[in-house]
Each structure stands twice: as C-alpha cells, then as structure tokens.
Amino acid sequence: MAQPQEGMIAPGDSGGPLILDRTYGEKTVIGVLSGYRWFSHQRNAGYGNIAFYQPLYLFWDFIVANNPYRYVGALAGDGRWNDPAHWQTLVDPAYRVITDGKLVNGVPVTAGAGIDGRGGSFGQVCDQETDYDVCFDLRTRHYIVDGVERPDWGSPPADEGAAPAPLPAPTLANGLPGATGFVPDNVDPDSTTHRKARYFDVTLSAPGTTTLDTSATVDKFTVSGSAARLALTSAGHLTGLIEVDQLAGFVHVDGTLTTPGDYLLAAGQLSGSGRIETPYLTSVAGVIAPGQVGTIGTLHIGGNLVLASKSLLLIDVGAAGGADRVAVEGKANLGGTVALAAAAGHRVRAGDVYTILTADEGLSGRFDAAARLSAILVPTLRYGDTSVQARVDAGRYADVVASTRAQRGYATLLDRARPHAAALAGVYDILDLQDAPTIQHTLEALAPRAEGLDRALGALALDNMARFYRARLAAADPRRGAAGAGQLTLAGAPIQLAAAEAARLPGQPPIASDTAATVAAPTRLPDTVAAYLAAGYLDGSAASTRTALAPRGRDPLSGWYLAGGLEGAVDGRALVGLGLSFTRATGNTAAAGQSAEGELYQGTLYGKLTAANGLYLDTQESAGLWRHATRRTADLVGSVATLRSRDHALAYGAEIGAGHDSAVGTLRVGPRVALRASALDRGAVSETGGAAALRLDRRRYASVQGRAGVALSGGSTVRPWASVYMVHDFRDPSPLLGVSFAAVPDTDVAFALPGRDRDWGEVGAGIALDTGRATLTLGGDTTLRRRDVRDQACRASVRVRF
C-alpha cells in the first residue's frame, strides 16, 4: 500500500527533482531524474519500478558555470561602477552544502567528479519477487538476502573513481565566488554570435561609495550595508529589471533610476535631484532627502509614493521660500515625520512658508508629525489637493524657560515683541533656533544685572557725602568760631590722594579713606572764615541680582571723592558753610561680567545753631548732577556685542537734625536725632551696541531716613570720637525695572532688582593723638545688618603745624 506523499515516476518525468524534505529545515533538491526500470511482470510506471536520479553534487561545478545568473557585490572602498576591479562574485543564495551535518549556503571545495564519481553513495538496489528477495547496499557494498546482511555472499561490483580535482581560480565564467575583473551589466543571449546570457543580481553591502556615471542594467539591485552608498551622477542611468531594494545605506540619484518593479526603501536614506521611475516607491522606515543634504533640490518620482509611519522626509529650506521638494507624478500616500533643516547660509524664521511635496494625481493620508526645528520653532503642515506646505510657527519662550526672575522676564519680553520680529531679527534669528538649555543659559546671562549695581552706586555716592558733612557739623562748635578760622584745612591729604589714585594699578583695591584727617595751612582768609579741602576712598559691596549662574556672591563697589568749601561763624551761636564735591564710584557684578560707574557733582549748603544749654540744630541741603553709565556683554550663542548705557540725573538731598551735648570732663556726649531725604531723578534710557540692546525705564530713586543715636567727641591730647546710629528708611519702593527692547520700545516688562533694606545700624569710631607739632588720627565706620549697600571706610591722617 502506498504511503502518504509516496508516488511513482512516469514517462516524461526525466529532469524532475529529487527533494530532501524532512532532514533539514528546508526542502532541498539533491538530484534530477535520469530514468527508471521495471522487472518481470511489473507494469510500466507501476509500483515497484526502479527510478534513477543523477546526484547534483557530481555535476555541481557544471551547473554553476552554466547558470547565467550571477550574484555580485562591490568590494569595500570607493570606486566607479565601470571599474572591473571594484566588483566580485558572491555565492548564489540558492546553493547548499552540508558542513558538519548542517545545511549551509555555499559550494563544495573540490570539483564535481561527473559521470565517473563514486563517492557519497547511499541507498539500496533490490530485486524482490514472491520467493526471491535480494538487495545491494550502495554504501556498505554488501548484499542483503531475505532481510539478512551477507558480507560473504556474491562478488560486489568494483567502486573505484578518480580522486577529487581541486577547484580552478574563480572567474565570472565558472561562477565561483570571489571572481573579479568584470562590470555588472546584463547581457542577453545571441545565437548568431554564440553569445551566452549573463544576468546580474547586484548587492552593495561593504562600506564605500559606488559611483555610476554611465548606463547599466541589472536584474535586481540591493543596498544592504549601513555604510554602503550608490551615487548616480546626472549622466548615470541604472535599470533594475526586477526591483530595487534598499535595506540600509545611502542612494543618491542625480541621474535616473528605473525599475518596472517597485522601489522598496525599507531603511537607509534616498537623496538627490534626479528621477526615479517605478510604479511604487514605498518607504517603510527610510529617510527621503531631496537634493544634497544642506542644499536645495527636487527629487522626481515617476510613479506613486507611499510613506509609512516610520518614514522621515528631510527637507532643506532656504531664502525666498525655496525648499527641497518631492515631485510625484502619480499619487502620494502620506505618513511618517517631516523634518525641516536650514540650507547652508540660511536662517529659518517664524512665518516662513515652504512647498515640500507635490502629487499630480492627488494626496491621501496625512503626515503623523512635524519635527520641531528648535525649542521655539515648529513647522505646521498645510494640505492642498495636490501639495503640502510647511509653515514655521513660533512657540512661547515662557513655555521653555526655567522659573527664575531673569528668564521669566526675558521670556515675557520676547513673547510680547514677537509681532515686531523684523526689527529684532538679530535676536530672534539666533535664539529661535536653540534648544531649551541653551535658551535658559543665554537669557540668564543676558539679564541687566548692572541696573541693581547702578542704583547702589548712586545711593553710595549720596550717603557718603551726607556722612562727610554730618561729620563736619558734629565737630563744629560755633561758640569757638569756625574750625581752623583764618586757615586752609586739608582733610584727608587730597594732594597725596590724587597722586595715589593716579598711580593705582588696574584691579588694585582702594585701601582707606582719610576724611577725618586735617592739616591747617596759613591763609589770608578773614578770622571768622575757614576753608577746607578733603579727599577719601570709598569701599563697599551691594546685593547682587538673583541669578541661576554661579557664582552668586555680592557686587563689589569702590571709588573716591574730593570736597572743598568755606565755612564761618555768624554770631557765636551759628555756623554756616558751603561745599562743593566730586565723587566717582565704580562696581562690577559678581556674575555675568557687567559693570557700572557714576560721577556725582554736588553743591551743599549746611549750618548749625547752638544754645547755651547744649541743645543744637543742624541741617544740610545738597543739589547736583549724577552722571552714570553701565556696560554689559551680550552673548547670543557666540554672537557677542557690548551694550552700553549713559545717562544723567538730578541729585537732591536734605537733612535736619537736633541734639544735646553734655560735658563729661573734656568730652562731649549726647543724643542726636535726624531726618534725611534724598533722591535721584532717574528716567528712561536706551542701550546701544547691538540687537539685544534694551530700553531701561529706571524708576526714581528716593529715600527718607530717620536716624537716632549717640555721639561722643572732645578731649585734649588724646581725643576719642565715636557715634552709634539706628537708621530706618520710611520708603519701601518696589524693586522693579521697566524693560523693553530698544528697537521695540512699547513692550515693557518688569524685571526684578535687589530689594532695599528698611532698618540697619551705623557705627563709627576713632582716636586723635596730638603731639603739639603734629596730630595723628585713626578711625573708621561701617554699616551693620545692611544687605543692599554695605559701606565701610578706614581713615588715617597726619596734621603737621608749621
């Protein structure tokens, strides 16, 4: 009885395959039918007939050589298609050999033995009758009689064959793998010239670029290596008669690529400004980049285009709406992602519109996404009946920045100024294209921190001169006449100070203030009038504007001043004086490399009225001009500009105080209270120097201070002095700065400056030693528990009598 899948050959079956279908994981042809025989009373093509198959391994090299199909690949490295040394033959993927019991792709290592081959025999040849059963085992060379192996039975036929011959060198003609010296280009057979057919299946898998600048035709073309490239120049024309498969790597088409089958772009990148003739170009997870990456070009598809969800369409965009384009002559089914990139030398701007794809027979589907150009710019896709456009829209900086004062302020300013982007092209053209961390760092560094420093310098200059005149009034006693009457008093060695200031090296800190030192020089002034000239150094620090940049620290301040004037007693109870002064102060921010400087030109009228019981009143009124400037470096991601502002403001100050002196031996000690008001009429000013320049709406600086304390002075040879004050500022102004871009002044945003203290202390102390011909004075003062502007001074002076 026949078994499942058991059959019998018949006339006309010669050349049919013998298939090994159970031993390995694939069905394998191992022989071809040559004929069959029957015996005794068997029927022709009946059960029990003997079939004879030629084993393919005996003739494998003949089969390979006469196979017109050649699988070939490019060698590693760059080369031209027409260079015979650029190619080698590969193993036909249909060929199988058994190695270590496993079926693998390959060819034997020796030549086929042909009709004389005897090796590798297997199976049995049997003659079985009703009463006769004899078989011959071709592998063991033994007879089997009635099912029993009989090594001693009969005389087995000889099994001698020629020794296996070595393989010849690989050539294109013999089809062995590894042959070179050919150019893959199909050849059709010609019976008149006895030309054999030759058809090529070409695969680029090795790293390197193959350049085709002529015409070539192959059966099938495949790119499978991630570093393999095909470059078709404008003169190149490649035809794949079956199909084109791009599984990886790069294909650049400036010429023409044609296939009557389909172009499968499974992965890798397809680029160029040429033409692809195919019924369907299907991208599964590939990248299509028309033109050359970084330049503008149009890729023509002479058929239909299908973009699956993992596809990427990479479009370079340029000036005047120019952009890469995919021009499809059939239909386009859309999917995947669109990504825009600026062509060389071009900056993408919000509002730009580009046509990126056209399809003559219409569109179906939509792209799944459009990749962001940056943290700010994102394309919005617009679909027509036969085209797709990409419009570049701008998002909000407020959605990108961190929650610091500087970043939030700048983000609001940039978002409000967006309608005026043309006037701020130098800012948006750079910042719009950055990622979020770069934007955050840039805006943090751009914040105008010198504005807080500028305000602190103004406060320092006003307060310093107020302390100077307060000290003169405290030392004055109208009952004794003007201090140094008829003399010129040099306070602080102003000549030496000017020389030292001129000789101070850049970066060398000011070392002391000599306000309290006095030297009297004979003059021809009236006996009731005294003249003085004073100088000193300023040193201190200011609270810095908060920043996410390190280091934070405090902003150092320094400076110097000159003062001079006349004062005199009126009637033994009153003293009046008039002084002129010049103050210069400078400072640098602790972070971001910004600086400020200012000069105060001031005139002061002051006086003191005393009573016999020790009560006294004192007052000072000042007016002048505060000239100030700031400087900061604006680094817009490598585009660096120096931004400067320069302005002036009227300066005012007035103080009225009352106190009582009580004699304690040679000392005078007693309480004093005072009320002081000062102001700087600051206003709006615009920076210059670059696109990021700001218009700064500086608020008026005003302070109303109340102070109460105790003062001590007096003595003879050793004369100590000291004062302690508690100060309260009644004003609590909002520490805000109005800011807009200088080019767009109507987009004000409030930036936060360092706050101002309301309460602090002031302490001063010193000692003077009078030796008769000279007086040595040492002293200093400082603020206590004050953070906005800390001011310290140290003074030393010598007065010599002649």
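A residue counts as buried when its relative accessible area is under 20%, as exposed when it is over 50%, and as partly exposed in between. Keep that scale in mind, because it tells us where Gly395 belongs: with a relative accessible area of 25%, Gly395 is partly exposed. One more thing before we set off: what you are looking at is a predicted model.

Let's stay with Gly395 for a moment. You'll find it in the loop between strand 35 (387-394) and helix 2. Setting aside its neighbours within four places in sequence, Gly395 is in contact with Ile376, Asp415 and Arg418. Ala350 sits 45 residues away from Gly395 in sequence, while in space the two are 9.2 Å apart, C-alpha to C-alpha.

Now step back and take in the whole protein. It has six helices and 54 strands. Of its 802 residues, 44% count as buried. And if you take the contacts between residues at least 6 apart in sequence, 59% of them join residues at least 24 apart.

From Gly395 we can move on to helix 2 itself, which covers residues 405-416. Its twelve residues reach 17 Å from the first C-alpha to the last, close to the 16 Å expected at 1.5 Å a residue. Which residues of helix 2 are buried? They are Ala406, Gln407, Gly409, Tyr410, Ala411, Leu413 and Leu414. These buried residues pack against helix 3 (425-431) and helix 4 (436-446), and also against strands 42 (615-636), 47 (694-697), 50 (736-741) and 51 (744-752). Look at helix 4 and you get the view from the other side: its buried residues pack against helix 2, helix 3 and strand 42. The buried residues in helix 4 are Ile439, Thr442, Leu443, Glu444 and Leu446.

Next, the nonpolar interior. The largest nonpolar core has 85 residues, and the ones touching the most other members are Trp81, Phe221, Leu238, Ile356 and Leu357. At least three residues of this core come from each of domain 2 (177-394) and domain 3 (443-485 + 530-800). Phe221 makes a good place to zoom in. Leaving out neighbours within four places in sequence, Phe221 is in contact with Trp81, Val202, Leu204, Leu230, Leu238, Glu243, Val244 and Asp245. Apart from the largest core lies another one, of 17 residues, including Ala456, Ala596, Tyr701 and Val789.

Time for the charges. Side chains of opposite charge can pair when their charged atoms come close. How many salt bridges does the model hold? The count comes to 27. One of them joins Arg80 to Asp213, with the closest N and O atoms 3.1 Å apart. The partners are 133 residues apart, so this pair links distant parts of the chain: Arg80 is in strand 5 (residues 79-80), and Asp213 is in the loop between strand 14 (208-212) and strand 15 (215-223). Arg80 has 41% relative accessibility, so it counts as partly exposed, and Asp213, at 29%, counts as partly exposed too.

Another salt bridge runs between Arg396 and Asp399, at 2.9 Å between the closest N and O atoms. Arg396 is partly exposed because its relative accessible area is 48%, whereas Asp399, at 57%, is exposed.

Are Glu655 and Arg672 buried or exposed? Both are buried. Their side chains meet in a salt bridge of 3.0 Å, N to O. Glu655 lies in strand 43 (residues 639-660) and Arg672 in strand 45 (residues 667-680), so the pair ties together parts that are 17 residues apart in sequence. Glu655 and Arg672 also belong to a network of salt bridges that links them with Arg470 and Asp618.

Asp201, in strand 13 (residues 199-204), tells another story. Asp201 is buried yet has no salt bridge, and the nearest side chain of opposite charge, Lys220, is 4.9 Å away. A salt bridge needs the nitrogen within 4 Å of the carboxyl oxygen, so this pair does not count as one. Beyond its neighbours within four places in sequence, Asp201 is in contact with Tyr69, Arg70, Tyr71, Val72 and Lys220.

Last stop: the backbone. Most residues other than glycine have a negative phi. Asp100 has a positive one, near 55 degrees, and sits in the loop between strand 7 (96-99) and strand 8 (102-105). Its relative accessible area is 77%, so Asp100 is exposed. Ala320 also has a positive phi, of about 55 degrees, in the loop between strand 27 (312-317) and strand 28 (325-328). At 90% relative accessibility, Ala320 counts as exposed.

Technical notes:
Residues are numbered from 1 along each chain as its sequence is written. This is a predicted model: local features need pLDDT of at least 70, side-chain atom pairs count only at pLDDT 80 or more; totals for chains, interfaces and linings use all residues. Side-chain values use heavy atoms; hydrogens and water are left out. Helices (H or I, at least four residues) and strands (E, at least two) are DSSP runs, numbered from the N terminus. Buried means under 20% relative accessible area, exposed over 50%, partly exposed in between (1.4 Å probe, protein chains only). A nonpolar core is a set of buried Ala, Val, Leu, Ile, Met, Phe, Trp, Tyr and Cys residues joined through side-chain atoms within 4.5 Å. Domain bounds come from an automatic or database domain assignment. Contact means heavy atoms within 4.5 Å. The expected span of a helix is 1.5 Å times one less than its number of residues. Lys and Arg count as positive and Asp and Glu as negative; His and the chain ends are not counted.
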